[in-house]
Amino acid sequence: MSDVVYDLREVRRARYAVAAVFAVHGAVTGTFATRVPWVQDHASLSAGQLGFALAFTALGASCSMPLAGRISHRFGSRRALRGLISLWTLSLILPSLAPNLLTLCLSMFVYGASAGMADVAMNALGVEVERLLGKSIMSGLHGMWSAGALVGSAAGTLAAHLGADARLHFALAAVTLTILGVLACRWVLDLQPAEDEEPPPRFALPPRSALLIGAVGFCAVFAEGASLDWSAVYLRDRLETSAGLAAACTTGFMLTMAVARLVGDAVVNRFGAVRTVRAGGALAVAGGLLIVVAGHPVVAMAGFALMGLGIAVVVPLCFAAAGHSGPNPSQAIAGVATITYTSGLIAPSLIGGVAQATSLTVSFVLVTVLSCGLAAFAGVLRSGDRNRTRIDRPKATVPDPRP
């Protein structure tokens, strides 16, 4: 990227703009999640067919993520993010229009592809703002994503309760979120490549640094996916709780993660990424042990809360470390994102498979063991601590000195 000096006020404004984009991105996910039953009924799908179609979301994201860096190089970060976030918000309409399995699979592929490209672009901009500010902000940005997802799911729950047609609901949500996303992009940093900078490849294997960082993210996202999809089932089936209490456990887990991410930057700025993730890993392991030995719903709910608290900041810090790990932030972030998306895809089904063969208790023993990897391999996130350089005072913006 070109060597431009930014005014501190401009960078701070860009931070809030990127945070708004994160919230918009999360709101799309939250909106869709609440209307999945409607989409299933509209396409006349069995549970197995629905699961097959939803897998195309991760497939689309994995295929498209490497393209985000090239798009940002071609159009500049501001125009690229504006286009990609608009593509993501508008793709929300597609699943509600799918009348059968084939069209839903195609819709989910486009939905996932646009989600993945927008994800990489906004995280790359977030990493650059973090570098300029010289302090951790990625946890807070992902906290805004969680907050947006909660708002989207709340609105979706209301729409479902009122019996609203998802085609109308998704169309109104898509238009509203597109407008908000485009407006927010007006104030993000407009990073432009240097004239002699080679464009990133369309597709490339992740660098080794991204693989190591992605392994840490894999452990965290595996625990997140397992807890989100199976916590309610765990309480209902193993501890024989009511459906309401089981659902409250999942909601509590989501809220714990959202709050922890929003306040996590203060902890990271005080103790650094490595020590924060090691402590988080210890909390996640403690939570996993409580879940495994729980004989009462309160104990299990406390375990899931600790799990959420422990893993909340790991993925944001993985993206930050990837962005700081080399000269090609978008490529490294795309590599880490692909690994974490893969983890989120396989975790729910693997937990179900292990539970079918043994028990849900054994499944969460596996989650607890993987959580140990957070503490064991947290050292690979050290690059995120080393590569922050702070703007100490406002500076006038100057053009790139190169012709």
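**Salt bridges, helix packing and a surface patch**

Asp165 and Arg167 are joined by a salt bridge in which the closest N and O atoms are 2.8 Å apart. The structure is a predicted model, and the values reported here were computed from it. Asp165 has a relative accessibility of 29% and therefore counts as partly exposed. Arg167, at 36% relative accessibility, also falls in the partly exposed class, because that class covers values from 20% to 50%.

A search of the whole structure returned five salt bridges, among them the pair formed by Asp165 and Arg167. Side chains of opposite charge can pair when their charged atoms come close. Another of these pairs is formed by Glu128 and Arg131, with 2.7 Å between the closest N and O atoms. Both residues belong to helix H6, where Glu128 and Arg131 are three residues apart, or about one turn of the helix. With a relative accessibility of 17%, Glu128 counts as buried, since the limit for that class is under 20%. Arg131, at 28% relative accessibility, counts as partly exposed.

A salt bridge also links the side chains of Asp7 and Arg9, with an N to O distance of 3.2 Å. In this pair, Asp7 has a relative accessibility of 13% and so counts as buried. Arg9 has a relative accessibility of 57% and counts as exposed, because the exposed class begins over 50%.

The packing of two helices was also examined. Helix H1 spans residues 8–34 and helix H2 spans residues 36–43; the axes of H1 and H2 lie 4 Å apart and form an angle of about 55 degrees. H1 is therefore oblique to H2, because an angle of about 55 degrees is neither under 35 degrees nor within the range of 65 to 115 degrees. In the contact between these helices, H1 contributes Phe32, Ala33 and Thr34, which meet Val36, Pro37 and Val39 of H2.

On the surface, a nonpolar patch is formed by Leu59, Leu94, Leu97, Phe109 and Val110. Together these residues have about 380 Å² of accessible area. Two or more residues of the patch come from each of helix H5 (93–97) and helix H6 (101–133). Phe109 is located in helix H6. The relative accessibility of Phe109 is 31%, so this residue counts as partly exposed. That value is over the 30% required of patch residues. Helix H6 thus holds Phe109 of the nonpolar patch as well as the salt-bridged residues Glu128 and Arg131.

Definitions and conventions:
Residues numbered from 1 in each chain as written. Predicted model: local features only at pLDDT ≥ 70, side-chain atom pairs only at ≥ 80, totals over all residues. Heavy atoms only, no water. Patch = residues over 30% accessible without salt bridge, like charges linked within 9 Å, V, L, I, M, F, W, Y side chains within 5 Å. Areas by Shrake-Rupley, 256 points an atom, 1.4 Å probe, with all protein chains shown as cover. Salt bridge = Lys/Arg side-chain N within 4 Å of Asp/Glu carboxyl O. Buried < 20%, exposed > 50% of the residue type's maximum accessible area, 1.4 Å probe, protein only. Axes fitted to C-alpha atoms, helices over the stretch in contact; angles between N-to-C directions. Parallel < 35°, antiparallel > 145°, perpendicular 65-115°, else oblique. Contact = heavy atoms within 4.5 Å.
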